[in-house]
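Reader: I am new to this structure and would like to be led through it step by step. Could we begin once it is on view?

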Amino acid sequence: LERDTAGRMSGLERLEDKFDAQIAAAKARAEVLRLQGTGMEAATARNEAETDRIVAGLQVDMARVDRELSAVRNDFAEHQELAQERHNQHDERIGQLEAAGRQGGGRKKGRGKGKGKGKGK
């Protein structure tokens, strides 16, 4: 009975040692995973900071583009106003010339240079 009990105890001790080794290995794996997780958290934080920096730069660029686009729109509107003003002035001048033509005064339009007075003989 003693030998049987001693054999069982020895087997239980070996089993206990095996379990202790498995527990120690599991703890070591858990520590490795924890450290890897910490490393990934740091990498994630770095990536987030880089992303934030890029987004901030893009926002600055977009604001600059908006300002430049606004300036171009203003210049275009000013150009259109000036062009419309010139167009109106031309229309007014054409109207004046046509009115002068109907009255018989002013420049004669549409007759060309004519044949001239001939050559002196």
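**Helix and salt bridges**

Reader: How many helices and strands does the protein have?
Author: This is a predicted model, and everything said here rests on that. Counting its elements gives 1 helix and 0 strands.

Reader: What share of the residues in the protein is buried?
Author: A residue counts as buried when its relative accessible area is under 20%. The protein has 121 residues and exposes about 11,400 Å², and the buried share of its residues is 1%.

Reader: Which residue forms a salt bridge with Arg34, and how far apart are the closest N and O atoms?
Author: Arg34 lies in helix 1, which spans residues 2–103, and its partner is 3 residues away, so about one helical turn separates the two. Arg34 is partly exposed at a relative accessible area of 45%, and the partner is partly exposed as well, at 36%. That partner is Glu31, and the closest N and O atoms are 2.7 Å apart.

Reader: Is Arg53, which meets Glu50 in a salt bridge, buried or exposed?
Author: Glu50 and Arg53 both belong to helix 1 and lie 3 residues apart, about one turn of the helix. Glu50, at 37% relative accessibility, counts as partly exposed. Because exposed means over 50% relative accessible area, Arg53, at 53%, counts as exposed.

Reader: Which residues are linked with Asp61 in a network of salt bridges?
Author: Asp61 forms a salt bridge with a residue 3 positions away in helix 1, about one helical turn, and the closest N and O atoms of that pair are 4.0 Å apart. The residues linked with Asp61 in the network are Arg64 and Glu68.

Key
Residues are numbered from 1 along each chain as its sequence is written. This is a predicted model: local features need pLDDT of at least 70, side-chain atom pairs count only at pLDDT 80 or more; totals for chains, interfaces and linings use all residues. Side-chain values use heavy atoms; hydrogens and water are left out. Helices (H or I, at least four residues) and strands (E, at least two) are DSSP runs, numbered from the N terminus. Buried means under 20% relative accessible area, exposed over 50%, partly exposed in between (1.4 Å probe, protein chains only). Accessible areas come from the Shrake-Rupley method with a 1.4 Å probe; for residues, only the protein chains shown count as cover. A salt bridge is a side-chain nitrogen of Lys or Arg within 4 Å of a carboxyl oxygen of Asp or Glu.
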